[in-house]
Amino acid sequence: MNLNSISRRRMLASTIAGGMGATIGAKFSPAQSPIGRNQSLPQVKIRKVRAITTAPDGIRLVVVKVETDEPGLYGLGCATYNQRPLPVVEAVHSYLDPFCKGRSADDIEDMWQTAYTSSYWRNGPVLNNALSGLDMALWDIKGKRAGMPVYQLLGGKCRFAVDLYAHAGGRDAKEVEDSVRSYVERGYRHVRIQLGGYGASHLSNKADFKESGFGAGTDEHMDSGPYLRTMPKIFEHVRKTLGDEVELLHDVHERVNPIEAIGLVKELEKYKPFFIEDPFAPEQNGYFKILRQQSSCPIAMGELFNNPHEWVDLITNRYIDFIRVHLSQIGGLTPARKLATLCEHFAVRTAWHGPGDVSPVGHACNAHLDLAVHNFGIQEGPRFGERLQEIFPGCPEIKNGYMHVSDRPGLGIDLNESLAAKYPLPEHPGYWSPVRRRDGTAVRPYSQYRSTNVG
Ligand code: MG
């Protein structure tokens with residue numbers, strides 16, 4: 001064998017490989033794409049990025065659709081910011097679409113990094129949600145091209161399904177007990193217990209600010225005392241009546257002063273909560289160190305976080321046990337998978353925010369990541385009504401307190417746009433209305449207008 005024959009053989013092999021690549025590319029079908037050959041697929045480019053809004057249950061959902069130059073190939077991502085949907089739509093149409101048009105749909109990391117800094121100022125919820133819509137949609141496209149569900153692209157399954165926690169609530173101990181029992185009977189192993197609205201505002205009955213005409217007539221009232229005195233009794237009652245088997249969670253929702261929250265966590269510790277959520281506002285991150293020194297109660301934090309400045313210190317100092325960011329709020333799957341990896345090194349588990357103001361596309365994305373990361377902790381359980389399931393074919397399914405995603409390529413979920421259009425955004429802009437102490441002092445955060453399954 002001489003050099004010329006080796007060279008001819010290499011050239012022949014190269015020609016055959018090139019021909020196979022061209023053939024695979026020409027016949028590409030997302031459902032039939034052979035795993036392992038995707039590296040031969042031709043590059044696809046982004047043709048259009050647009051935002052679609054729908055509110056079938058009164059919650060303002062925003063979904064981003066990324067269309068490519070390959071006919072029929074598109075991706076979906078969640079960009080839902082229920083309280084400010086219109087600025088997100090504007091950010092997608094006026095800025096992301098022209099930025100992305102003609103660029104490669106393949107290079108997700110590069111697209112994330114360049115789009116992230118394209119506004120120079122960054123890390124706010126509006127632009128992060130818009131970016132999330134693009135990012136998740138590109139992962140959806142990547143999965144469709146590979147012929148694999150997204151969890152496979154992330155390394156495959158670490159568990160057969162996603163364990164959920166449910167929301168139980170009531171105005172007194174018996175109602176809370178009954179609510180927890182109903183979820184346990186439906187198969188849930190983890191239940192979050194709340195007394196009335198956040199901070200048990202129904203227990204506060206001396207709204208002096210109202211009598212003085214301070215604030216608006218619709219403003220709510222909540223004082224710390226009744227809530228702080230009653231919540232340990234609720235835990236005690238549920239433990240006495242339902243035993244130790246069920247895992248109990250609770251969300252303080254930042255409603256009390258930090259030192260009051262520390263006292264509450266210490267009192268609740270003996271009831272062995274699975275975690276206590278948001279004891280402090282994110283502006284008071286410095287209190288986590290103090291809390292850690294006084295209690296071994298597991299702590300979950302992060303649904304309001306927007307950027308790494310807020311979570312890196314809490315994780316690397318081991319001040320929290322669960323990170324529960326809202327994936328679209330931090331910019332999508334790309335930053336979330338990195339965050340999960342950071343957490344793994346510090347034994348912090350994931351508990352992604354999963355309230356009603358996440359679209360089913362976002363819930364599917366949560367679930368794909370939940371399946372693939374070793375340090376999964378728990379997932380806030382969504383509820384998918386019939387209308388949502390019709391609008392979003394391939395919506396994840398919930399059985400026995402577990403969430404299951406479709407095994408179709410990508411995120412495995414679609415959007416019926418004509419049906420979505422039948423449920424326009426409500427007239428009310430969606431802001432949270434004030435909650436005040438007895439003297440009228442505003443409590444952080446405020447209350448959800450028409451609250452529905454908000455976590
Ligand atoms: Mg919460």
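**View 1. The buried residues of helix H9 in a predicted model.** In helix H9, which spans residues 258–268, the buried residues are Ala261, Ile262, Leu264, Val265 and Leu268, where buried means that 20 or more other C-beta atoms, placed from the backbone, lie within 10 Å of a residue's own. Because these residues cover an arc of only 165° around the axis, they lie on the same side of H9. They pack against helix H8 (224–242), strand S7 (247–251), strand S8 (275–277) and helix H10 (287–292), a contact being two residues whose C-beta atoms lie within 7 Å. Helices (H or I, at least four residues) and strands (E, at least two) are DSSP runs numbered from the N terminus. Residues are numbered from 1 along each chain as its sequence is written. As this is a predicted model, local features need pLDDT of at least 70 and side-chain atom pairs count only at pLDDT 80 or more, while totals for chains, interfaces and linings use all residues.

**View 2. The crossing of helices H2 and H4.** The axes of H2 (residues 85–100) and H4 (residues 125–146) come within 9 Å and cross at roughly 55°, so the two helices are oblique to each other, a word for angles that are not under 35 degrees, over 145 or from 65 to 115. Pro87, Val88, Ala91, Val92, Leu96 and Cys100 in H2 meet Val126, Leu127, Asn129, Ala130, Gly133 and Leu134 in H4.

**View 3. Helix H3 packed with H4.** H3 (residues 108–117) packs with H4 at an angle of about 170°, the axes being 10 Å apart, which makes H3 roughly antiparallel to H4. Among the residues in this contact are Trp112 of H3 and Trp139 of H4.

Notes. A residue is buried if 20 or more other C-beta atoms lie within 10 Å of its own, exposed if 12 or fewer, and partly exposed in between; C-beta atoms are placed from the backbone. The arc is that of the directions from the helix axis to the C-beta atoms. Axes are lines fitted to C-alpha atoms, for helices over the stretch in contact, and angles run from 0 to 180 degrees between N-to-C directions.
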